[in-house]
Structure formats: structure tokens, C-alpha cells
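Reader: Hello! I am new to protein structures and would like a close look at one topic, salt bridges. Please take me through them step by step.

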Amino acid sequence: MDRIDAMQAFARVVETRSFTQAAKTLHLSKTTVTQLVQQLEARLRVKLLHRTTRKVNVTADGAAYYERVVRLLADMDDAETSLSSAVAAPRGRLRVDVPSPLARMILVPALAAFHARYPDIQIDMGVSDRPVDLIGENVDCVVRGGEITDVSLIARRVGDLQLGVYAAPGYLEREGTPARPQALEDTHHRIVGFRWARNGKTFPYAMHRAGERIEVQGRHAFAFDDGNAYLEAGLAGLGILWLPDYMARPQVARGELVPLFTDWQLDPMPLYLAFPPSRHVSAKLRVFIDWIVELMALHAPVAPPRGA
């Protein structure tokens, strides 16, 4: 038994939940994949998978072993891609997690060009606004808006999201157009709340104009922890939104959102790419980081320091 082949077969069965699908992706026969997993279980003297005629489930021991296996396989892949011949053509699996609106509106539409440039890189993209345990979940990197508070991560600022305040025409027809940001605090107006996954709270937004600076919290009847749902709530007229420009631009062009308080400015939201310090910056991760930087330079460039 080749232990590496057996580990790869086991990992692929876990990921596809099927010996047949695993065999197809590995370009092996189903019999060969079955034998490799059986030999691995015999060597370890542990049951790794529960098999029935309809599905395959991983055991508790198998789940723990799988996490170690994928890290080992990734480390081996990194070692190979660190060679000069491999750096020219980075390859292997890259696991990333990104905010849902950023994925839908910027990253996913650009993935075809990334794949054309790096056809041997397989991207497994988690799309969420939740905190991710990069080590525990075996994730190579995350992209997140807002300051990175986890000091155990290496964070690179890759963009600044310019923010604005918007409302749907239907909301403004029903509730009227607020003249000043302060009107959101003590009148009938409502915002759509965004619950940050780090602590489940909503936060005030700092706004400034000609030396005047205020913080606006607003009141909400609905709050969401997903950016796409947050946007849809605003489009449905459930309240006023604070949005990055890239999210609002298409809706404003179609007349689905109206900018408010255009004589006020909001502090931009930093966008970071973060990864564990223990994680080797492989060739595939390095080119992915460079790609994110290129995209953000087009859609949300890092703002120069004030006074620069």
C-alpha cells in the first residue's frame, strides 16, 4: 500500500461522500479506491468510514484523522510548489473564506480569469460573514471587512471600502426623506441593522462634514448577519442602509437605491486578508493574495493616510 495514495483516496471519499465520485476525480477505479481505504483502516486498526448501500459517513475517528491528513497533504503540496519549477505554475487546493457580497459581486465573476491564469489551483471558497477558525477548519486564508482583532493572525490590508447611506425609493415615499443623519436617531425612521458575527452586536457609524463629526446608531426592526440578506432587506424597503460603494453602485444605476446625506462622509471600512503565522505562504496562496490585491485596486483601493 502506498500510504500517500491511501490518504488521498480517503480524503477524497470524505469530501465527495462517495467511493464512486472519489474514484472519478482521482482517475482510479472504484475497486482501487475501496482497497486503498480498507488497507488504510487495517494499518490504523480504526474504522474510518461507515458505509451503506446509499451513502458514506465519516466516523468520529475518521473525522479527526481527516483533518490531519488534509494538513499533511497540503504541507506536501506546499513543499513541492516551493521548488523553482513549481513556482512558475503554482498548483494544489486552496481553502479560503470570504464575505458573501464580495464573493457574489466581485470575486466569483473574476474567477474564470484567475483559473485561466492558474489552471492547476483548485479553490474551495467558503462564503460567509462568520468568524472562521483557520487552524481548526484547515482554511488557508480569510478576507474580512473591519479591523482584525485576532492577534494570532497575520493580516494584510488589501482595500478600503468607501461607504454611503442609501434607501429604496419605496421606503422614502412611505416614510419621507431624512434631511440630516441625526433624524435616524429620534424619529419614525428605521435602519436595517447589521449584526457583526464577532459579537452579534450592531455598531454606530461615524460621519463627518466640515469639522462636524457625529455617530449614528439608528433604530431597527430587522437585523441580519449576512451582507446579501442585509442588502435585500434595504431593497425591500425595510430600512435605511450603510453600504460599501461597490454593493450600492448597480442598484443606484438601476434606480433601486437612492443615496442620502451626500454632503456627509463616512470613514472607510478596511478590508483585510488574514492567515495563520504558522501557515507557509505557498506559491498558490501568494498568487491568490496578489490576485485579491489586484481586484481591490480596481474596486476598493487602499486610501492614502489623511494629510498624505
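Author: Let's start with one pair: the side chains of R144 and D97 meet in a salt bridge, at 2.6 Å from N to O. R144 belongs to strand β5 (residues 141-145) and D97 to strand β3, so this pair ties together parts that are 47 residues apart in sequence. A salt bridge here is a side-chain nitrogen of Lys or Arg within 4 Å of a carboxyl oxygen of Asp or Glu, and helices (H or I, at least four residues) and strands (E, at least two) are DSSP runs, numbered from the N terminus.

This is a predicted model, in which local features need pLDDT of at least 70 and side-chain atom pairs count only at pLDDT 80 or more, while totals for chains, interfaces and linings use all residues. Residues are numbered from 1 along each chain as its sequence is written, and side-chain values use heavy atoms, leaving out hydrogens and water.

Now look at how hidden the partners are. R144 is buried, with a relative accessible area of 11%, and D97 counts as buried too, at 5% relative accessibility (buried is under 20%, exposed over 50%, partly exposed in between, with a 1.4 Å probe and protein chains only).

Strand β3 (residues 92-98) also holds R95, which pairs with E15 of helix α1, 80 residues apart. The side chains of R95 and E15 meet at 3.2 Å, N to O. R95 is buried, at 16% relative accessible area, whereas E15 is partly exposed, at 29%. This pair has company: R12, E15, R93, R95 and D124 are linked in a network of salt bridges.

Let's move on to a pair between two helices. The side chains of R117 and E294 form a salt bridge of 3.4 Å, N to O. R117 lies in helix α6 (residues 100-117) and E294 in helix α11 (residues 283-299), so the two tie together parts that are 177 residues apart in sequence. R117 counts as partly exposed, at 42% relative accessibility, and E294 is partly exposed as well, with a relative accessible area of 41%.

How many salt bridges are there by this rule? The count comes to 15. In general, side chains of opposite charge can pair when their charged atoms come close. To try this yourself, begin at R144 and D97, where the N to O distance is 2.6 Å, then turn to R95 and E15, at 3.2 Å, and finish with R117 and E294, at 3.4 Å.
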